[in-house]
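Open the model in your viewer and switch to a cartoon view. We will walk through its sheets, one selection at a time.

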Amino acid sequence: MARMRGHCLCGACRFAYTGPENWRGHCHCESCRRQTASAFTTFMGVPHGAWVWEGETPRVYSSSTGVKRYFCGSCDAPMAYESMRFPDEIHFYAALLDAPESFAPQAHFHYSERLGWIQLADDLPKKG
């Protein structure tokens with residue numbers, strides 16, 4: 001399996017992982033929208049032990065109990081999400097990948113929280 005890499009806007013913080021992701025999907029929850037200032041965001045769940053930080057280690061913001069949001073200390077770009085609800089994985093933002101065009105989401109999560117002005121034309125499963 002190929003090694004996947006990604007980086008922040010300025011390139012100071014980087015991550016890499018090898019192996020299959022646990023899942024790939026779009027998140028429509030309010031907290032992810034507010035953290036990324038976007039209508040929804042796209043993540044992949046990567047098992048702990050399969051990934052590393054390269055370059056500078058991101059800063060951490062604890063947005064709620066048991067939730068860590070990682071971001072670059074230089075350009076403030078969001079890097080990853082981690083939660084006690086998912087103790088065996090970290091969630092990286094797909095748009096940070098060096099080759100995001102090769103990424104294919106598999107589902108929509110927290111679909112009931114989507115913004116009403118988003119019109120989706122895909123046929124991916126819509127959960128929550």
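Two strands count as paired if DSSP finds at least two bridges between them. Keep that cut-off in mind on this predicted model.

**Stop 1: the sheet of 3 strands**

Select residues 3-7, which are strand 1. Add residues 13-18, which are strand 2. Strand 1 and strand 2 pair in the antiparallel sense, over 5 bridges. That meets the cut-off of at least two bridges. Now click His7. Which residue stands opposite His7 in strand 2? Arg14 does.

Add residues 51-55 to bring in strand 5. The open sheet now reads 1-2-5, with antiparallel pairing. Look at its edges, strand 1 and strand 5. Each has a single partner strand, so one side of each is left without a neighbour in the sheet. Now view the twist: neighbouring strands here are turned by 25° against each other on average, direction ignored.

**Stop 2: the sheet of 7 strands**

Clear the selection and move to the other sheet. This open sheet has 7 strands, in the order 6-7-8-9-4-3-10. Its pairing is mixed. Select 59-64 for strand 6 and 107-109 for strand 10. These are the edge strands, and each pairs on one side only. On average, neighbouring strands of this sheet are turned by 30° against each other, direction ignored.

**Stop 3: inside that sheet**

Select residues 41-47, strand 4, together with residues 89-93, strand 9. How many bridges join strand 4 to strand 9? There are 5, and the two strands run antiparallel. Finish on Gly45: its bridge partner in strand 9 is His91.

Notes
Residues numbered from 1 in each chain as written. Predicted model: local features only at pLDDT ≥ 70, side-chain atom pairs only at ≥ 80, totals over all residues. Heavy atoms only, no water. Helix = DSSP H or I, 4+ residues; strand = E, 2+ residues; numbered from the N terminus. Axes fitted to C-alpha atoms, helices over the stretch in contact; angles between N-to-C directions.
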